[in-house]
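Please open the model in your viewer and keep the sequence beside it. The tour below goes from one selection to the next.

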Amino acid sequence: SGVGRAPRQGLRWHSGRRGGPLRALGEALESAAAGRPSLTLVSGEAGIGKTRLVAEIEAAANGFLVLH
C-alpha cells in the first residue's frame with residue numbers, strides 16, 4: 001500500500017498552544033499507528049497557522065509516509 005506504520009510507542013506529540021486541532025491530528029496519527037488509518041483535511045483562512053500545525057504533527061509522524 002506504500003503507507004508505513006509507526007510503532008505506537010514511537011509517537012511523540014503534545015497539545016501545546018494549539019490544543020484541539022493538534023490533539024485531533026495526534027489522535028488520528030495514533031489511530032493510524034493502531035491500524036485504523038484515516039484522511040484528515042486541514043483548512044482555514046490564510047494566516048491562522050495551518051502550515052505550522054501540519055509541520056508539528058508531521059514531525060511526530062516517524063515511520064509514516066506523509067503526502068503534501
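**What covers the first helix**

Among what covers the buried residues of helix 1 is helix 2, where helices are DSSP runs (H or I, at least four residues) numbered from the N terminus and buried means under 20% relative accessible area (1.4 Å probe, protein chains only). This is a predicted model, in which local features need pLDDT of at least 70 and side-chain atom pairs count only at pLDDT 80 or more, while totals for chains, interfaces and linings use all residues. Residues are numbered from 1 along each chain as its sequence is written, and side-chain values use heavy atoms, with hydrogens and water left out.

Select residues 20-33, helix 1, together with residues 50-59, helix 2: their axes come within 10 Å and cross at roughly 35°, the axes being lines fitted to C-alpha atoms over the stretch in contact, with angles that run from 0 to 180 degrees between N-to-C directions. To see the contact (heavy atoms within 4.5 Å), show Pro-21, Leu-22, Leu-25, Gly-26 and Leu-29 on helix 1, and Leu-53, Glu-56 and Ile-57 on helix 2.

Next, keep helix 1 alone and colour its buried residues, which are Leu-22, Leu-25, Gly-26, Ala-28, Leu-29, Ser-31, Ala-32 and Ala-33.

Now centre on Ser-31, which lies in helix 1 and counts as buried because its relative accessible area is 18%. Setting aside neighbours within four places in sequence, Ser-31 is in contact with Arg-36 and Pro-37.

Finally, move on to Gly-35, just after helix 1, where the phi is positive, at about 95°.

Notes
Helices (H or I, at least four residues) and strands (E, at least two) are DSSP runs, numbered from the N terminus. Buried means under 20% relative accessible area, exposed over 50%, partly exposed in between (1.4 Å probe, protein chains only).
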